[in-house]
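Let's ask how a few labels on this structure are earned. Take a look first, then we'll go through them one by one.

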Amino acid sequence: MIDKSIFRQYDIRGIVNKNLDEKTSKLIGYYFGKYLQEKFQEEIYIVIGYDIRHHSKALFEALVSGLNFSACKIIDVGLVATGVNYFASFQNFNIENKKIKPTASIMITGSHNSKKYNGFKITVKNDPYFGNDLIDLYNSIKEILIPTNINCIKYDIKKEYISYMTTQFKHLKNLETSFVVDCGNGVANTVLCDIFDELNFNYKALHKEPNGDFPNHHPDPSNEKNLVDIKNHLVNNCNLAFAYDGDADRIAVLTQKYNIKGDMLALLFSKTMKNPVIIGEVTYSQNIFDEINHSAKTVMDKTGYSNLRLKLKELNADLAAEVSGHIFFNDRYYGYDDAIYATLRVLELVYKGIDLDKEINLIPNVYTSESIELKTTEECKFLLIDILKNKLNEKIRGFPIIKDIIQIDGLRINFEYGWALIRASNTNPIIQTKYEATTYATAMTYKKAIENLIKEVKDEINNTAS
């Protein structure tokens, strides 16, 4: 039977030929297609693209077989970045002398995970299909025999995507700013350099050939060790760099001085928008929220790309951004996370005369830790958060003074001089913590107090279990 653990909070993802294989993919395709047929009572067209991983094409053929067995029709957009797959789902296709608007999209990708992983990112009517939807899909699946049938309609969406980008950003043509990009051997350069060349940019591309072995470094730009190559090119006249994850929906933006995280990017983008509404998430620096609020309205939401995309649409906001580099533009775009589009918006900031380093220098200085992961179990992680919440509502001797607790996603505890975040990961058996304060020493005081409390709660849970 299918392993339930591959049905994660935001997508389906597993280790290929361990808990995700061709048989499983056929079943997922069939029962997802069956769900669409029953829900919409219309001719179902599904856009499917895939990344460069060696097993992506085999999973594609299996998934298509299942979807064909459910009487859906497949629009195959081939090897693409996730943003290009999303772009396709918003287009009208001329198929069989009819104008077709896709009902759903599926991107086959392991994203920023190591090469043994793969999975499916799904949208339905351009909304993320995640959370309880995925659990309902899992619960619907029964073992049946599905024949192989890879019939599909091939469509070159990359050409349209490149044309769209070069038209939207034609004012940037011949931009003199020198910059470097690291494609990480993922799928970014299935379109990226074509766009840059058409716009006659002054750039250098590293690791631009798609390669499912990711021979140069792991395809995750949120980890500093994967940015070594690109940092080595930030010298002399080059003070701007971009790096992408495996499916190019997440971006890292660097200067010689800064690694500009997603919350800082949200602040920079807000400066060129008129009275914008900006959606951030609970891991943002408080200073960033405060700075954005000088000229915009901010909304704090849960972390996770599906949550942010839905909240952006719900509020018709201008921008949403995750610290890890998922950037969603509703302003002049379709509202999904696309690192290639985000690159062009950063270059547009430079074109408009915005000095990235100078703007960041103006932000009041605080110490903010990286996200810290504490191992636990799937069974205990949410229980641990509930018990912590109860304890924090009591007076704890020697504990830092608590001003209030925000419970949007886990516990964001506001102290006199900073905050601490404790949240259960939606995708892994870990508790994530993060700390910010006016000084490093104060942040470490908060960290020590929180970690001691977490240890106390873990001991209570273990003693109860035994």
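Q: Which helices each supply at least two residues of the lining of the second largest pocket?
A: In this predicted model, those are α4 (132-140) and α13. The pocket itself holds about 340 Å³ of space. It has 14 lining residues, and the closest to its centre are Phe-7, Arg-8, Gln-9, Ile-135 and Asn-426.

Q: What makes up the lining of the second largest pocket, by class?
A: You'll find three nonpolar, seven polar and four charged residues there.

Q: How do you know that the length of helix α14 agrees with its number of residues?
A: Helix α14 runs over residues 440-465, which is 26 residues. At 1.5 Å a residue it should span 38 Å, and its end C-alpha atoms are 37 Å apart, so the two agree.

Q: Which residues of α14 are buried, and what covers them?
A: Ala-443, Tyr-446, Ala-449, Ile-450, Leu-453, Ile-454, Val-457 and Ile-461 are buried. Their cover includes α13 (381-392) along with strands such as β22 (411-415), β23 (418-424) and β24 (430-437).

Q: Why is Cys-72 called buried?
A: Its relative accessible area is 4%, and buried means under 20%, so Cys-72 fits the label. Cys-183 counts as buried too, at 1%.

Q: How many disulfides are there, and why does Cys-183 not form one?
A: There are zero. A disulfide needs sulfur atoms within 2.5 Å, but the sulfur of Cys-183 is 5.4 Å from the closest cysteine sulfur, in Cys-193, so that's too far for a bond. For Cys-72, the closest cysteine sulfur is in Cys-152, 13 Å away, again too far.

Conventions. Residues numbered from 1 in each chain as written. Predicted model: local features only at pLDDT ≥ 70, side-chain atom pairs only at ≥ 80, totals over all residues. Heavy atoms only, no water. Helix = DSSP H or I, 4+ residues; strand = E, 2+ residues; numbered from the N terminus. Expected span 1.5 Å × (residues − 1). Buried < 20%, exposed > 50% of the residue type's maximum accessible area, 1.4 Å probe, protein only. Contact = heavy atoms within 4.5 Å. 1 Å grid on protein atoms, 1.4 Å probe; cavity = no way out; pocket = protein on both sides within 12 Å on 5 of 7 lines; lining within 4 Å. Points joined across faces, edges and corners; volume = space filled by probe spheres on them. Nonpolar A, V, L, I, M, F, W, Y, C, P; charged D, E, K, R; others polar.
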